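Good morning, everyone. Please take a moment to look at what is on the screen, and then we will go through it together.

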2 protein chains.
Amino acid sequence: MTKKSTLTINHFVALVTLEQFEESPKFVKNLADEIVKKMNLHVVDTVSHQFKPQGSTFVYILSESHLIIHTWPEFGKIHIDIETCSDHKNSDFKKTLNEAFSKYSVGSIEIKNPNFNLD
Amino acid sequence: MTKKSTLTINHFVALVTLEQFEESPKFVKNLADEIVKKMNLHVVDTVSHQFKPQGSTFVYILSESHLIIHTWPEFGKIHIDIETCSDHKNSDFKKTLNEAFSKYSVGSIEIKNPNFNLD
């Protein structure tokens, strides 16, 4: 796994509320790909699952750790969980989400950072 | 995705430090399976990746959300990330980890809870 001199696990967890939500597998994959590109992350493997009657989970294993997106269309909610061992800042994550959702009507974006030091 | 009346995303994140660490794909899968069993979680899909020269990521998509384990053998660290929409308590998670690591020499177990309300 990619290791930088900071030895910190930077963990970014967000709950995004959209005023209108039209879920599709393409919507979730496009969102994941946009986040990966904007944050300069590197995908090594993936898995996803579509729940019934609604809701989905999309996972990228990254060389930096992971990106997971869960959706709850019934609540208009998207949960985004990114963990990296590289030196991303919370401001990078906020900027990425603001840009990724700029074409949607966003109710709120809440962010938490359960970081740990590795050394 | 499983939805309960509490409408809370219970998120448990732990960094476990072991005094001796002997990594193998079997070690990580057995740990994941033990946590799933003890916390009565339900696996719907999986993906994993072995990094070189060392370190691994193991993912279970759950009907309740996800379980991800990252290992950094070079630091003796295991990072465990469980998200559930069912009504697990932090005490369940602590008890599960204490039992799962009871046969190892544990340096420390740190836990954080970046929970969100869905409604």
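Which rotation, and how much shift along its axis, superposes chain A on chain B? In this predicted model, the answer is a rotation of 180° with 0.0 Å of shift, which brings chain A onto chain B with an RMSD of 0.0 Å. The two copies are therefore related as by a two-fold rotation axis, and the same surface serves both, since 100% of the contact residues of chain A recur in chain B.

Let us turn to the interface itself. Here 43 residues of chain A are in contact with 43 residues of chain B, and the area buried between the two chains is about 3600 Å², with carbon and sulfur atoms giving 73% of that area. Between chain A and chain B there are 8 residue pairs in polar contact, whereas the rule finds 0 salt bridges across this interface. By class, the side of chain A that touches chain B has 20 nonpolar, 15 polar and 8 charged residues.

Where, then, are salt bridges found? Over all chains the count comes to 10, and one of them joins A:Glu34 to A:Lys38, with the closest N and O atoms 3.7 Å apart. Both residues lie in helix H1 of chain A, 4 residues apart, which is about one turn of the helix. A:Lys38 also forms a salt bridge with A:Glu99, at 3.2 Å between the closest N and O atoms. Because A:Glu99 lies in helix H2 and A:Lys38 in helix H1, this pair ties together parts that are 61 residues apart in sequence.

Terms used:
Residues numbered from 1 in each chain as written. Chains lettered and ligands numbered in written order. Predicted model: local features only at pLDDT ≥ 70, side-chain atom pairs only at ≥ 80, totals over all residues. Heavy atoms only, no water. Least-squares fit on C-alpha atoms with pLDDT ≥ 70 in both. Contact = heavy atoms within 4.5 Å. Buried area = accessible area lost by both parts, 1.4 Å probe. Salt bridge = Lys/Arg side-chain N within 4 Å of Asp/Glu carboxyl O. Polar contact = N/O pair within 3.5 Å; in protein donor to acceptor, adjacent residues only side chain to side chain. Nonpolar A, V, L, I, M, F, W, Y, C, P; charged D, E, K, R; others polar. Helix = DSSP H or I, 4+ residues; strand = E, 2+ residues; numbered from the N terminus.
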